[in-house]
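Dear colleague,

Please find below the structure that I am handing over to you, with its sequence. My notes on what was found follow directly after it.

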Amino acid sequence: MEHAAVAERVVDAVGGPSNIQAAAHCATRLRFVLQDSDEVDQAALDADPDLKGTFEGGGMFQVIVGPGDVDRVFAHLAPLGVKEVSKDELKQVADQRSSWFVRFLKVFADIFVPLIPVLVGGGMLMALNNVLTAEGLMPWYGGQSFIEANPAWEGLAGIINMLAAAPFAFLPILVGFSAAKRFGGNPYLGAAMGMAMVMPQLVNGYDVAQALAENRMTYWDVFGLQVQQSGYQGTVLPILVVAFILANLEKGLNRVLKGTIGFIFTPTLSLLITGFITFVAIGPFLFTAGDALGRGIEWLYTVAGPLGGMVFAFFYSPIVITGLHQSFPPIELQLIAAGGSFIFPIASMANAAQGAACLAVYLTTREKKLKGVAGASSFSAFLGITEPAIFGVNLRLRYPLFIGMGAAAVGGALVALMNIRAVALGAAGYLGFVSIRATDIGRFFIALLITTAISFAVTYAVARRKVGAAQRNAAAAAEGAAVALGAEGDDAERYEGEAGPVLADDAEDWRLTAPLDGRVLALSEVSDPTFAQQMLGPGAAVDPSDGVLYAPADAVVTVAFPTGHAYGLRTAGGLDVLIHLGFDTVALDGEHFTPLVRKGDVVRRGDVLARFDAAAIRAAGYDLTTPMVVTSAKRIEGTQLTADTGSTVAHGEAFLSITPKEKPAAAAQS
């Protein structure tokens with residue numbers, strides 16, 4: 001390969017240096033952030049004999065060159081006027097191309113992904129509590145709730161309500177920990193500030209608006225300054241602002257205070273200064289903003305009618321994300337007293353829209369963990385608890401959130417056009433009909449079903465298109481990975497000349513033992529289409545129960561990614577094997593992985609290849625299912641899984657049996 005010539009052809013084909021914002025490379029691919037993807041000459045790239053393929057993803061255009069060549073081609077980019085950066089810097093450049101709103105949502109997603117299990121569990125319990133306590137839901141009880149009609153269940157319902165309320169009441173603690181970590185500060189200091197914001201001596205956050213309206217708020221007297229004793233239960237935006245200030249203050253103090261002085265005074269001053277700012281400035285400002293928002297929405301709805309309902313419904317879910325919806329109940333009670341509230345039915349439209357979008361994700365995604373979260377969260381959202389759906393699924397993927405917002409806007413306009421009103425507070429969703437004015441219940445369900453149908457249909461269509469695109473990109477990526485592992489060019493000459501090292505007397509041993517302890521899965525069961533469709537070759541997978549990866553055979557390490565998440569082996573029998581710890585775990589950039597071998601190392605069956613923190617990886621939102629595939633598929637007749645799917649296997653136990661092809665005649669005669 002003429003590396004300089006390839007570099008020139010690639011740069012020309014992607015639109016020239018002026019169309020390249022920045023470039024980097026990985027083990028097999030050139031990665032570009034382009035000004036305009038429409039400038040790419042795809043036909044020229046596809047026809048280039050030295051390139052293995054292209055695909056686009058994560059804001060980057062990627063060209064597959066192959067190992068051993070990609071770094072040498074990359075070295076010729078800078079003289080052509082291309083800005084070279086590291087992979088991390090390239091990701092930052094790609095992120096900067098997104099709008100400020102998308103970047104803002106990404107920060108939210110980074111903070112809330114680790115909290116998904118808590119939000120889903122709490123949300124499902126809260127939905128169950130709503131079913132048990134909703135009056136009129138079960139007509140055979142004569143308008144009573146299930147609990148009122150069955151008092152023996154009251155104690156159990158009380159426990160369920162407590163368990164359901166806890167994650168949301170103490171949400172600032174959880175968010176404080178996660179947000180401080182995301183902003184580069186000490187997460188435990190973030191949790192400490194969250195604890196301070198929900199202390200029992202404060203006025204409960206759910207009652208603050210009412211306490212202010214009734215002039216019963218309590219205050220601290222700080223040298224004549226009256227500081228509001230407001231709690232922040234169930235809120236999100238205040239602790240995010242607080243965590244941002246805390247993290248940056250802590251980092252600033254760490255630069256100034258060193259050694260023992262820093263150890264003692266940095267956390268002390270960080271908490272003291274941030275705490276004072278929180279209760280003196282942040283809290284009062286955000287409560288005032290929330291009240292102003294509520295009054296503004298009331299004015300907009302009254303003046304603009306259907307347009308006002310559309311605007312309010314469109315922004316309702318983002319308002320929930322910030323927690324400012326906590327200021328609405330006092331306004332709703334005033335509206336109910338005056339004849340009926342429009343806020344509750346519009347909230348029901350927004351919640352149903354987010355639930356429908358989440359349901360569409362559940363039906364289309366192939367990612368096992370996301371499917372599980374989406375299924376439970378969509379049900380919860382339909383019953384009025386949207387936090388699991390928003391934070392766990394829709395905000396993470398972004399497009400379901402926006403589609404749900406658009407569908408909610410249609411529902412909000414219908415609410416205004418049909419003058420649907422609520423006469424009580426309750427669970428804003430399908431169960432909310434018990435709070436709707438009796439003459440409006442039929443129209444309420446019509447608006448709710450239309451909103452749900454629009455959100456589901458559009459999200460489903462977009463999700464299906466994205467799944468198809470992901471599979472095409474996965475196929476292109478698979479080709480590059482196959483090159484990296486020597487899966488191409490398996491002709492007779494290569495077979496004969498590179499049969500692999502002979503280790504002990506294992507050259508005729510075609511068994512692969514389990515590389516991990518855990519649960520056995522067929523390859524078709526894994527969430528990543530690259531492996532599920534055997535694009536890289538046949539094999540099987542393990543859902544690990546601990547954090548140690550073992551060699552499945554005597555072999556030479558042919559690929560050892562520096563991030564520690566993937567390993568290629570050439571066994572004594574000449575098989576090329578890929579073991580990939582989890583899916584998308586390359587994004588962790590080596591965090592939680594400890595590789596113990598390097599390329600070229602000789603390992604024995606059962607030797608430890610790597611250690612990893614399984615709990616931390618799963619907590620970060622990654623599927624840790626680990627496929628092991630034979631990438632030299634042209635050399636074998638087939639593979640047979642010798643362990644039962646669904647069973648538990650220990651490392652070193654029988655796992656895969658390989659049937660080799662007969663050697664070519666020329667090789668057999670030699």
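On the surface of this predicted model, Val410, Ile446, Ile450, Ile454 and Val458 form a nonpolar patch with about 340 Å² of accessible area together. A patch of this kind is made of residues with over 30% relative accessible area and no salt bridge; nonpolar side chains (Val, Leu, Ile, Met, Phe, Trp, Tyr) are joined within 5 Å, and like charges within 9 Å. The areas come from the Shrake-Rupley method with a 1.4 Å probe, and for residues only the protein chains shown count as cover. Helix α20 (residues 441-484) contributes the most to the patch, with four residues. Helices (H or I, at least four residues) and strands (E, at least two) are DSSP runs, numbered from the N terminus. Ile446 is found in helix α20, and its relative accessibility of 46% is why it counts as partly exposed. Here buried means under 20% relative accessible area, exposed means over 50%, and partly exposed lies in between (1.4 Å probe, protein chains only).

Two conventions apply throughout. Residues are numbered from 1 along each chain as its sequence is written. Local features need pLDDT of at least 70 and side-chain atom pairs count only at pLDDT 80 or more, while totals for chains, interfaces and linings use all residues; side-chain values use heavy atoms, with hydrogens and water left out.

The next topic is charged pairs. Side chains of opposite charge can pair when their charged atoms come close. A salt bridge is counted when a side-chain nitrogen of Lys or Arg lies within 4 Å of a carboxyl oxygen of Asp or Glu, and by this rule the count comes to nine.

In one of them, Glu214 pairs with Arg216, and the closest N and O atoms are 2.7 Å apart. Glu214 is partly exposed at a relative accessible area of 43%, and Arg216 is partly exposed at 43% relative accessibility.

Is Asp440, the partner of Arg443, buried or exposed? Arg443 and Asp440 form a salt bridge whose closest N and O atoms are 2.3 Å apart. Asp440 has a relative accessible area of 1% and therefore counts as buried, whereas Arg443, at 31%, is partly exposed.

A further salt bridge joins Asp543 to Arg618, with the closest N and O atoms 2.9 Å apart. This pair links distant parts of the chain: Asp543 belongs to strand β9 (residues 539-544) and Arg618 to helix α23 (residues 614-619), 75 residues apart. Arg618 is partly exposed, at 28% relative accessibility. Finally, Arg9, Asp48 and Asp50 are linked in a network of salt bridges.

How do helices α16 and α17 cross? The axes of α16 (residues 343-364) and α17 (residues 368-382) come within 8 Å and cross at roughly 155 degrees. The two helices are therefore roughly antiparallel to each other; angles over 145 degrees count as such, those under 35 as roughly parallel, 65 to 115 as roughly perpendicular and the rest as oblique. Axes are lines fitted to C-alpha atoms, for helices over the stretch in contact, and angles run from 0 to 180 degrees between N-to-C directions.

Lastly, Arg398 is not a glycine, yet its phi is positive, near 75 degrees. Arg398 is in the loop between α18 (387-397) and α19 (399-417).

With kind regards
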